[in-house]
Amino acid sequence: MDEATAVPDGPRSPEGRSRGGGEGRVRTGDTGRIEDALTAPLIEAVRDLGGYGGLVYLRSRDLRSLVLAMVTGVPRSLLRTWWRVPVGGALPMAEAYRRGETLWLPDERATMVRFPHFTAGLPYSFGSAYQPVRAGGEAVGVLVVLRSAAGSPMDTEAVAAALRPAGRAMEERLTRLAAGRPGTGSAAYRIEYDGEPVGVRLPTPAVHPVRVGLIDWDLDTDRCTADDEALALLGIGRADFGGTMADIEARISPDDLQELRASRQDALTLGRVGSRHFRVRDDSAGEKEAGYRSVELWGHVPRGGTGSARILVAALVDAVSGLTAAEAAERLPDGLFSLDQDGRLTYANRRCEELLGGGREALLGRCPWEVITWLRDPAYEDRYRAAMLSQEQVSFLVRHPAGDWLSFVLYPGAHGLTGRVHPTGPPTGGGAAREAEAAAGPGSGAAAGAPPPGPVAPARAGALYHVVQMASVLTQAVTVEDVCRAVSEQLLPAFGVRELALYTVRDGRMYLLWESGYPEGFLAPFEGVTLDAQLPGVHALTTRLPLFFESPEELSVAYPGIALDRMSAWSFLPLIASGHPVGSCILGWDTPHRFTADERSALTALSGLVAQALERARLYDAESAVARGLQEGLLPHRLPAVEGLRTTGRYLPGTQGMAIGGDWYDVITTGRGVALVIGDVEGHSVGAAAVMGQLRSAVHAFAASERPPQEVITHTNRHLAELEADVFATCCYIELDPRTGRAFAVRAGHPPPLLRHPDGHAETLDLTGGVMLGVQPDAVYPVTALTLAPGSVLALYTDGLVEQPGSDIETGIEEVRRCLAETPADSVDHLADRLVRTARRARERADDVALLLTAYR
């Protein structure tokens, strides 16, 4: 498995801004690397739980995703769909991270019940455990251990206990690692990952070591020199060795003396010796039980000048393990082969070559389904995936092009699998026969085995799973940008695509929505083309038929003069939703690509799903734009200027739901000074924004009538109850006299304010609070008196600023308090921007954010 060495460029929007990136505070390439810190605990966790594989997810820089950072025991390639998962997704690793609790799924049935979307992408039998990874007490990722579903039963408590030592070790190492990194805030704030997963090899059981000794053999005098390892292999002590070949011949089995002498002849005539085998006497068990062990001789004669000695420089190799095992495998009547973790062939005996009809040299280092045409059905590759992910024996039947049936049995392990293949009779029983016949395909006779002309792309396994998985992901995509990102993240790795462009049709013209992989500026000439343009993307939409081109020549013949880039194959898919044209999806491959019938069907089905999702998202975006306009109209456009005070506010909408909410802030002048108000109506909808507008108006009216703070909140609470809006709200109301710094505060279920003192230290104000607004119409709200010193800064905020997935609200408040203390207060605008920076850069915010800062001069 290749380790990650670079972070690929992310997809770009039409404006060219990068959407990916490998920037991080602690990442591969730093002096202290995350993989170095987590390797030992990860392997420990797999061992303690009796598993066969493990993963570590860490949160991304923007906090919206969990990124696969480390993998052990399972191929990275099989998990490509899950390299990056949304924090808010309905997936087990995301739920364990959000809840901060251990999650145990003992088998595929439990996984299907809890997380059907996850099972759609990995429909195999295995158990999995999920443990939050922490740094400084805060969740920064998830540890995943994969375990055979056939293992001994365990309950959640036992699983949590087994993973606890590794979890503690990870937290200690990450906290120590983060302490050495630059930056402010907690250790968790400096742990992030945006690269590719790093592969870690599980320790292998001890095997017989390969022993190699060196010999220099003078072919003219039959004298030789040997190092200690060579003498040990021959069973000759250094003191007993006279430096002649006769000493060596005395240790060789009489039956093999001719093999040694033939080695001399090879050296004299060919100048080299290649793999000469003979047995030497082994006295390790005592003279009465002496036996023989096999060794192998390799060497060459260096070329010298005229009259120079002819010396064979040779290596003597202990062949007890490798050679003996290979010879044993060659004697078996069945075919034997070995695949590494990624499905590449590492060994095949001669019988396997005969049965598969492929040469060993052509197979080595390649996946069998890439080389052997009649194994290219995705169902066969899926058997390998099932064996590797379940770590259970898998068997299946395949019909050879000649008409014979072959039985395959796969025996998986952490580092690959061993396979056995042998001739068998046709399947018996209706169900088994139909299944095998379906896998073999209708054209599995001799003609079907003939290689098709031209290069052929390997069939992608599990095309149906990609369709199901895409459908699951698109159900969670809300905005057009969400849909485009989901298509990019799913289609590119699933089908080996290198370029993607999504176009939408508007007013009879085609406009780019999203692109990934194209050269800078390549798509600019196609922007805004009309629907009568002679272009494949336009024709696919207007004819409502997908177009596939398997080479640049095919595309150039169909569309003479069309601009080409470095791609070698393309598909142009129409996006049609409920009979309505939505746009086109263009995919490019960087090598010649043969589109199988299954792949064409899968891509066509996916284009329909994408079209439906885009149409739904466009309607949502239009409605959301109207809703955002409503909310912007309800929030204050500017805050009043008050002598002795500097105030500023910030509002960030959430990224879920309608992307609007009920957070608001206000500054109201009263006869006794100024009222500083912040509130939060539950929910994210037009209704929540409407209730927020009513509450803001009510608070403004009660405050302007010069009612004391307690009465303002009491009357507002009663007003919300009378609205019967079936929602609750929180609020913090502080009336401040700018002349004296005296203030009176009332808190109704709202997070406590923060106060930065003139000397720079900041504290959380312990205000006695009452219940949320709308819960009890006759509730009483206590008042707390405060005094602000000149140079103080008061911060009012909503919970969206301090709540993060995987951590409690107290941790978030402490983060904001520390940031408030460490940031210079010369400018309240700069200070406000600094406080909302982390929330602003997050692509997914579960809640909206409001902040009101007041500097008392």
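Here is a short chat between a student and a tutor about the predicted model shown above.

Student: Before we start, what should I know about how this was put together, and how many helices and strands does the protein chain have?

Tutor: This is a predicted model, where local features need pLDDT of at least 70, side-chain atom pairs count only at pLDDT 80 or more, and totals for chains, interfaces and linings use all residues. Residues are numbered from 1 along each chain as its sequence is written, and side-chain values use heavy atoms, with hydrogens and water left out. Helices (H or I, at least four residues) and strands (E, at least two) are DSSP runs, numbered from the N terminus. For the protein chain that gives 25 helices and 34 strands.

Student: What share of the residues of the protein chain count as buried?

Tutor: Buried means under 20% relative accessible area, exposed means over 50%, and partly exposed is in between (1.4 Å probe, protein chains only). Of the 857 residues in the protein chain, the buried share is 52%.

Student: Which helix gives the most to the largest nonpolar core?

Tutor: A nonpolar core is a set of buried Ala, Val, Leu, Ile, Met, Phe, Trp, Tyr and Cys residues joined through side-chain atoms within 4.5 Å. The largest one has 57 residues, and Leu79 and Phe337 are among those with the most contacts inside it. Six of the core's residues come from its top contributor, helix α13 (residues 378–390).

Student: Which residue from 389 is Leu79 in contact with?

Tutor: Contact means heavy atoms within 4.5 Å. Leaving aside neighbours within four places in sequence, the partners of Leu79 include Leu55, Val71 and Leu122. The one at position 389 is Leu389.

Student: Is Gly213 buried or exposed?

Tutor: Gly213 sits in strand β8 (residues 212–218). Not counting residues up to four places away in sequence, Gly213 touches several residues, including Asp227, Leu233 and Ala314. Its relative accessibility is 0%, so Gly213 counts as buried.

Student: Which strands stand at the edges of the open sheet of five strands, and why is one side of each left without a neighbour?

Tutor: Two strands pair if DSSP finds at least two bridges between them. The order is β24-β34-β33-β29-β30, with antiparallel pairing. Each edge strand has a single partner strand, so one side of each has no neighbour in the sheet; these are β24 (645–652) and β30 (762–764).

Student: Which helix packs on that sheet?

Tutor: This helix touches β29, β30 and β33 (792–797). Its direction makes about 20° with that of β29, using axes that are lines fitted to C-alpha atoms, for helices over the stretch in contact, with angles from 0 to 180 degrees between N-to-C directions. The helix is α23 (residues 809–822).
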